[in-house]
Every structure is written in C-alpha cells, then in structure tokens.
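Open the model in your viewer and keep the selection panel at hand. The tour goes from one selection to the next.

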There are 2 protein chains.
Amino acid sequence: MKIGELARLTQCTVETVRYYEREGLLPVATRTEGNFRAYGPEHIERLRFIRNCRALDMSHEEIRNLLGMIDTPAAGCGAINEVFDEHITHVEARIRELEELKQSLRTLRDRCQSERSVNDCGILHGLTEMGSAPRKEKHTHLG
Amino acid sequence: MKIGELARLTQCTVETVRYYEREGLLPVATRTEGNFRAYGPEHIERLRFIRNCRALDMSHEEIRNLLGMIDTPAAGCGAINEVFDEHITHVEARIRELEELKQSLRTLRDRCQSERSVNDCGILHGLTEMGSAPRKEKHTHLG
DNA sequence: GTTGACTCTATAGTAACTACAGGTTGTGAA
DNA sequence: TTCACAACCTGTAGTTACTATAGAGTCAAC
C-alpha cells in the first residue's frame, strides 16, 4: 500500500504521515524500487492508534511514551493508566482555566449594555484600568 | 523610560515588548541617542491593554481589531461588543470540546480497572480498535 | 578606565501540523 | 511506444505567540 491509501484509510494527509515518520512516531517504511513508501497492516494499526491519540489531544510526547510501553512491555499497564490520568488532569485544568476566563469575559462584557461612543466603552475602560496580568506560567499543551 | 522598565511595569519580557512592536501591536518607540527605545505613559497604557487582552486569550488579530477601533473610532462600541461576543463564543466552544474529550478519555480509562499486562490493556485495545478520528476542522485559536 | 547590567538586531527554536516548489514514478489510454 | 495526469519524493518555509541566544553596543557607577 502506498502513502496516499494509508492516509485515506486513517483520515489524515500524506504530509502528516511523512511528518509522523520524521518525528519517529510511525516506523520508517520500506521503499519500492521507485522509492515510494510501502506500507502494510501494522502501519495502518499504528497510524490509527496515533490518530486516535491525537483526536484525544494527546501530545506527541505522550503518544511516544505510550508507544514505548507497547513496543517494550516491561510491566503491567499501570504506566499507561498514569499517562491517561495525567492527560485527564491536564484537560480538567484547561477546562477550569477556560471557565474562569469565560467569567472574566462576561464580567467585562456586562460593562457594556448599550451602544455608546468608543471612548465611553466600559469594556475598553476595563481593559485599560486592569493592572496587567502577570505572565502565565507554562501550562498544558491544550491551548 | 527604557524597555526593561516598561516590561517590568507590565509584567512581561523585553523580548515580548519588541515582538509586539514588530507585530504592530505596540507603536514604534522613539530612540535615544544610543539607539535605546524610549517609552512614555501612552506606551504603558497600550501595553497594559494588550497584556490584559492576551490574559483573556484573545488572539493578536482580535487585539489588532480592538486597537483599530480605539485608534479610529468611527461608530459606537457595538463592534467591540461583537469582538467580545465572538471571543466568548469561541471560549464556550472550546470548553464544550474539552468536556467531550474528557468524556471520551474517561470512557477509555474505565476500560482499565486493574493492573494487567500491556497486551491486555483495555485502553490500548480501545485506541487501536477505534476507527481513526477524522481530521479536525480548523477551530478556535484556544488550543 | 573598568565592570556589569542593560540594550540592540538577527536568528533560531517550540508544537503540530500545512503548503508549496521542483523533480521522479507509475498507470492507463491512445 | 508515447503521453498525460495523478501520485509520489525531498526540502523548505509558513502558521501562532512567544522564548532564547549570539554577538555587539550603550550606560552608569566605581
């Protein structure tokens, strides 16, 4: 199977497939005589795995960790649970963050109930009067 | 006032200040004889505005739009409300997305209640069995 | 004058793709 | 066999919002 078909089967692009190979997520493919990549069922399965993880907003690093556990099973699946639990925690943290953000936005938005001149806009005044927010600490890869 | 002080006052870095100037968010500063940037109160105010918007996860484009409205006030603040409303809508959409994601993660996670070998892990089987997720459409800048 | 902090520009890197240029291969139809 | 077109290849650059670094210049205090 060539790369176009693999991409179609796993609902992504050939560029993404090549990118995953370069990133080491997908095993390097064998080549035809014409230097085309040749794929078999194990690549479908692996790429499907990767795409599902990505759909769950897992980072490449997280995926790499999981793949490592699959490829060199040393113990039970406790470590996999840990990756998942950590990811869930990150998702929850990001949700909380966005909820707070939404509150702030609503509070600001409620300062402007009727059309007035830009110079009198409660939102803009709010944005100007607020002390500037401290720089954010690095947080999740979820945005 | 020099750039280090401005950065300190607005709780960001000199690199970020220079970046905002390059991006056109912050007006170009005048220069001292030694080619150091010189800032006054209007820069403090503008940078504070920008940082507050960023703290609200507004994109540079959104900020640029708001600044345009401030600098060339043509009508009332209806347009500002629109920018805000649209941003709030994006935040809400992202929250929903993450909530669904969290559900999926929990469902998968619940397939693994006890320590077993990696080969028998319900999570991994789930990730492999799932049809791969279709490519995501471009969505908000919120992650 | 010296030293150390601050400033400058230019460049590159981060994450996860996405797009494109220019060249090669393969397949089906004429 | 030839041709046209689709698919493939590598390499490079771009997206967003920073962040870091190299190497050089400026400045204030000692």
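Which side chain has an N or O atom 2.6 Å from a phosphate oxygen of DNA strand D? Select Arg54(B): an N or O atom in its side chain lies at that distance, 2.6 Å, a polar contact (a pair of N or O atoms within 3.5 Å).

This is a predicted model, in which local features need pLDDT of at least 70, side-chain atom pairs count only at pLDDT 80 or more, and totals for chains, interfaces and linings use all residues. Residues are numbered from 1 along each chain as its sequence is written, chains are lettered from A and ligands numbered from 1 in the order in which they are written, and side-chain values use heavy atoms, without hydrogens and water.

Next, select Tyr20(B), where a polar side-chain atom lies 3.1 Å from a phosphate oxygen of DNA strand D. On chain A, Arg18(A) has a polar side-chain atom 3.2 Å from a phosphate oxygen of this strand.

Now show the residues near DNA strand D, that is, with a heavy atom within 4 Å of it. By class, 5 are nonpolar, 6 polar and 8 charged. H2(B) gives the most to this surface, with 4 residues. Of the strand's atoms within 4 Å of the protein, 81% belong to sugar or phosphate.

Return to Tyr20(B) and add Tyr19(B). Their rings form a tilted aromatic pair, 6.0 Å centre to centre with 40° between the planes; rings pair if their centres lie within 6.5 Å, and planes under 30 degrees apart count as stacked, over 60 as edge-to-face and the rest as tilted. Tyr20(B) is buried, at 2% relative accessible area, and Tyr19(B) is partly exposed, at 34% (buried is under 20%, exposed over 50%, partly exposed in between, with a 1.4 Å probe and protein chains only).

Methods. Polar contact = N/O pair within 3.5 Å; in protein donor to acceptor, adjacent residues only side chain to side chain. Helix = DSSP H or I, 4+ residues; strand = E, 2+ residues; numbered from the N terminus. Nonpolar A, V, L, I, M, F, W, Y, C, P; charged D, E, K, R; others polar.
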